[in-house]
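Good morning, colleagues. Please look at the sequence and the structure on the screen, and I shall then take you through the sheets and the ligand site.

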Amino acid sequence: MPTPLPPDWTDRLALDRAHVWHPFTQMQVHETDPPVPVIGGEGCDLLLANGERVLDGISSWWTCLHGHGHPRLVSALERQAAKLDHVMFAGFTHEPALELVARLKPKLPARLTRAFFSDNGSTAVEVALKMAFQAQLQRGEQGRDRFGALRGGYHGDTLGAVGVGELENFMTGLFSPLLLACERLEVPEDPRRDIHPDLAGWPARLDAAREALRAFFHMHGGRLAAFIAEPLIQCAGGMRMWPPELLQELRAQCDAHRVYLILDEVATGFGRTGTFLACEQGGSISESDASGSEAKLRDRWRGVAPDLLCLSKGLTGGTLPLSLTWATDELYGHFWGTPASGRAFLHGHSYTGNATACAVACASLALFDDEPVMANAAALYGAMLAAFTALAAHPAVRQARVLGAIGACRLVDPATGAAHPPEARFGWRLHRRALDHGLLVRPIGDCLYLLPPLSTPPARLAEAAATLLDLLDGMTTRE
Ligand SMILES: Cc1ncc(COP(=O)(O)O)c(C=O)c1O
């Protein structure tokens with residue numbers, strides 16, 4: 001049984017019920033399961049109003065990196081807000097924004113030289129799409145009026161971002177009359193990430209996927225302004241881990257067809273996949289780079305370098321909203337001209353370049369330099385492997401897999417081996433029940449995953465796995 005809430009929450013929840021509209025929620029659900037009041041955050045835990053403490057097993061929508069209320073982030077916020085909270089960023093600049101680009105630049109592929117600021121992952125994507133389209137026009141490539149994207153991707157909720165995403169039964173269908181033209185490419189999941197991999201025929205399947213990718217570009221390449229992908233793992237699409245070899249091939253095909261490559265690292269950036277950026281794991285430098293210009297050769301990036309890179313979520317360590325879209329010199333050059341040339345990128349938001357958020361982002365990046373953040377992420381990988389190996393042994397679990405500090409599996413009805421039907425609301429029930437046992441998880445469809453702050457002690461993951469195993473033992477499809 002959940003611990004009851006203190007009496008003062010009765011009125012507050014009535015206020016919530018009367019006037020608040022929560023995101024991604026059929027609000028009728030809250031008639032029986034009201035939102036859970038949270039009164040604090042401490043390290044990798046959230047403190048609930050009923051006095052319980054829960055492990056933030058999903059980093060509060062994948063934002064929190066160093067734990068909640070990290071003293072260095074809090075003090076950066078306080079200091080900056082007292083000095084300069086915010087100033088419009090058109091025609092003005094400030095120290096925290098400059099420190100942020102100086103700190104981040106060396107951690108990125110060298111070809112990314114220009115940072116455009118906005119406020120969240122969706123707008124970072126929106127900016128990238130608009131930049132790619134305008135740059136194509138301004139470099140004389142007419143008729144590139146559509147985008148390429150992976151099947152099952154998610155890039156945010158603004159209309160542009162929805163247009164290049166594709167989540168089943170989600171917004172893509174509903175809003176289809178309003179969306180950008182987008183051609184979608186299917187990539188296979190990478191069985192090498194599975195705890196119990198089935199590698200039979202894998203090289204042939206990978207070759208076929210590479211061929212399909214080439215055929216896709218042969219057919220659509222001349223019409224695409226850009227291709228957008230979440231490198232290595234499609235997160236909201238159900239933690240679908242896909243092969244780095246195809247990311248390399250994507251880069252090569254984009255080059256061959258003059259299509260800009262947008263990598264959306266909104267969720268994967270900042271150490272989540274075991275490297276600072278997921279695209280670092282794209283393998284060796286692509287052939288097109290190796291045979292390319294001197295500038296490309298200088299850019300001896302270990303992985304796959306995009307033309308546009310979207311960052312948000314972990315950018316401020318999970319404290320404040322902020323995002324960046326990084327572009328190459330080549331792309332930026334197409335916007336250069338006199339004021340009368342009409343080539344400027346006319347886009348911005350009221351809070352673009354918010355000084356307080358930039359200062360917190362600097363403090364978060366400083367932690368990467370001063371503290372063993374990446375070593376902690378590596379330790380989490382080991383703990384994640386152990387946790388999902390334990391989960392994989394449960395009859396209600398299939399396809400347990402791990403990438404860096406992200407672990408995931410499919411939940412099935414052990415009697416049939418099939419996914420629980422949506423009306424059984426198995427994932428939601430598991431979410432609510434886990435909260436009563438000290439754990440915040442929030443399955444996406446049939447995908448149960450753990451993506452905790454990088455600062456989470458590995459032992460807490462073992463506890464989380466034990467909790468989940470207990471809960472799965474006691475749950476059935478229908479109750
Ligand atoms: C890969 C990716 N891109 C973009 C977004 C959108 O970010 P935001 O929710 O901050 O708008 C998300 C959000 O989950 C995401 O996972």
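Strand β14, residues 406-411, is joined to β16 by four bridges, and the two strands run antiparallel. One of the residue pairs to look for is Ala-408, whose bridge partner in β16 is Tyr-449. I should say at once that this is a predicted model.

Which sheet holds these strands? They belong to an open sheet of three strands in the order β13-β14-β16, with antiparallel pairing. Strand β13, residues 397-403, and strand β16, residues 447-450, stand at the edges; each has a single partner strand, so one side of each is left without a neighbour in the sheet. On average, and with direction ignored, neighbouring strands here are turned by 20 degrees against each other. Across β13, β14 and β16 lies helix α15, residues 373-392, which runs at about 175 degrees to β13.

As a general reminder, the strands of a sheet pair through backbone hydrogen bonds, and the pairing may be parallel or antiparallel.

Let me turn to the other sheet. Seven strands form an open sheet with mixed pairing, in the order β4-β12-β11-β10-β7-β5-β6. Its edge strands are β4, residues 112-118, and β6, residues 182-185, each of which pairs on one side only. Neighbouring strands of this sheet are turned by 20 degrees against each other on average, again ignoring direction.

Within the order I have just given, consider β7 and β10. Strand β7, residues 224-229, and strand β10, residues 260-264, pair in the parallel sense over four bridges. Ala-226 stands opposite Tyr-260 in β10. Helix α10, residues 244-256, lies across β7 and β10 and runs at about 150 degrees to β10.

I come now to the ligand. Which residues are around the ligand? They are Trp-62, Asn-120, Gly-121, Ser-122, Tyr-154, His-155, Gly-156, Glu-230, Asp-264, Val-266, Ala-267 and Lys-313. By class, this shell comprises four nonpolar, five polar and three charged residues.

Three polar contacts deserve mention. An N or O atom in the side chain of Asp-264 is 2.6 Å from a nitrogen atom of the ligand. Gly-121 places a backbone N or O atom 2.9 Å from a ligand oxygen atom, and a polar side-chain atom of Asn-120 lies 3.5 Å from an oxygen atom of the ligand. On its own, the ligand has 390 Å² of accessible area, of which the protein covers 83%.

Thank you for your attention.

Note on methods: Residues numbered from 1 in each chain as written. Predicted model: local features only at pLDDT ≥ 70, side-chain atom pairs only at ≥ 80, totals over all residues. Heavy atoms only, no water. Pairing = 2+ DSSP bridges. Axes fitted to C-alpha atoms, helices over the stretch in contact; angles between N-to-C directions. Contact = heavy atoms within 4.5 Å. Near = heavy atom within 4 Å. Polar contact = N/O pair within 3.5 Å; in protein donor to acceptor, adjacent residues only side chain to side chain. Areas by Shrake-Rupley, 256 points an atom, 1.4 Å probe, with all protein chains shown as cover. Nonpolar A, V, L, I, M, F, W, Y, C, P; charged D, E, K, R; others polar.
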